[in-house]
Structure formats: structure tokens, C-alpha cells
Amino acid sequence: MKKRFILCFSLLTLLLLFPCGQRESFSEENEADKRHVYAIQNRVFHCYHEIGASLGYFPDDFYRLYPIGLHYTFHLNDYLAWEVARGYLMINQE
């Protein structure tokens with residue numbers, strides 16, 4: 001069982017690491033196609049704090065669940081953020 005898990009995990013990792021179907025054509029390409037595109041202007045606003053809420057509904061045969069959630073995220077820079085807290089309250093109805 002453990003060997004199967006390791007084998008499946010390694011195959012899944014290999015499939016996700018190497019994208020399929022992206023082959024370069026052998027024909028000559030224009031120089032404009034090879035150029036990289038960069039942003040012309042920087043961002044005006046930076047998101048430092050993010051507070052979010054979520055509501056849900058899960059129907060079941062015997063119960064109805066109503067989850068209510070809140071989360072707080074602190075953004076360190078444009079590329080890195082830290083989700084400080086996330087909490088859910090599940091309201092049950094028979």
C-alpha cells in the first residue's frame with residue numbers, strides 16, 4: 001500500500017511538473033514573437049490587509065448545514081501573502 005502511494009505521488013508530481021503539448025515549431029519565428037512584454041507602469045495601490053467572508057449551504061438527507069466563514073490575510077508584497085486566520089461556524093438544521 002505504501003509503495004503504491006509513493007508511486008502514484010511521484011507520477012502525479014512528474015505530470016504536474018512537465019507541461020505537455022507545448023512544442024516549439026521548427027519554422028522561423030519573427031523577432032517580435034520572441035520579445036518579452038513588461039508592464040509599462042507600476043501598481044498604484046498595494047493591498048496590505050484583506051478581510052473576507054463566505055456563506056454556504058450543504059443539503060443532506062437528514063441535515064441542512066449553513067457554514068459561515070471569515071478570514072484575514074496580510075499581504076507582505078505583491079507576490080507573497082500570509083493568511084493569518086480563518087474560521088468557520090457550521091449551523092445545523094435537522
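1. His-75 is found in strand S3 of what is a predicted model, and this residue makes a convenient point of entry into the fold. With a relative accessible area of 17%, His-75 falls under the 20% limit and therefore counts as buried. Leaving aside residues up to four places away in sequence, His-75 touches His-46, Cys-47, Tyr-48, Glu-50, Leu-80 and Ala-81. One of these neighbours, Glu-50, also takes part in a polar contact, in which the side chain of His-75 meets the side chain of Glu-50 at 2.9 Å.

2. A second histidine deserves to be read alongside His-75. His-71 lies in strand S3, which spans residues 64–75, and its relative accessible area of 18% is likewise under 20%, so His-71 is classed as buried. The contacts of His-71, again not counting residues up to four places away in sequence, are with Glu-50, Ile-51, Gly-52, Ala-53, Glu-83, Ala-85 and Arg-86. Glu-50 thus appears in the contact list of His-71 and in that of His-75.

3. As regards the pairing of S3, strand S1, made of residues 49–55, runs antiparallel to S3 and is joined to it over seven bridges. Within this pairing, Ser-54 stands opposite Gly-69 of S3. Strand S4, covering residues 81–93, is also antiparallel to S3, and twelve bridges join the two; here Leu-70 has Gly-87 of S4 opposite it. The connection between S3 and S4 is a hairpin, with five residues separating the two strands.

4. Strand S2, which comprises residues 58–59, pairs with S3 in the antiparallel sense as well, over two bridges. Phe-58 has Leu-65 of S3 as its bridge partner, and S2 and S3 form a hairpin in which four residues lie between the strands.

5. Which side chains meet in a salt bridge? Those of Arg-86 and Glu-83 do, with a nitrogen-to-oxygen distance of 2.7 Å, and the count for the model comes to one salt bridge. Glu-83 has a relative accessible area of 38%, which places it between the 20% and 50% limits, and it is therefore described as partly exposed. Both Glu-83 and Arg-86 are among the residues touched by His-71, a point worth checking when the surroundings of that histidine are inspected.

6. The surface also carries a nonpolar patch, formed by Leu-76, Tyr-79, Leu-80, Trp-82 and Val-84, whose accessible area together is about 610 Å². Val-84, which lies in strand S4, has a relative accessible area of 39% and is accordingly partly exposed. Leu-80, another member of the patch, is among the residues that His-75 touches.

7. Turning to the protein chain as a whole, there are two helices and four strands, and along the sequence they follow the pattern α-α-β-β-β-β. Of its 94 residues, 6% count as buried, a group that includes His-71 and His-75. The exposed area of the chain is about 9900 Å², of which carbon and sulfur atoms supply 61%. Finally, when contacts between residues at least 6 apart in sequence are considered, 32% of them join residues at least 24 apart.

Methods: Residues numbered from 1 in each chain as written. Predicted model: local features only at pLDDT ≥ 70, side-chain atom pairs only at ≥ 80, totals over all residues. Heavy atoms only, no water. Buried < 20%, exposed > 50% of the residue type's maximum accessible area, 1.4 Å probe, protein only. Contact = heavy atoms within 4.5 Å. Pairing = 2+ DSSP bridges. Areas by Shrake-Rupley, 256 points an atom, 1.4 Å probe, with all protein chains shown as cover. Salt bridge = Lys/Arg side-chain N within 4 Å of Asp/Glu carboxyl O. Patch = residues over 30% accessible without salt bridge, like charges linked within 9 Å, V, L, I, M, F, W, Y side chains within 5 Å. Polar contact = N/O pair within 3.5 Å; in protein donor to acceptor, adjacent residues only side chain to side chain.
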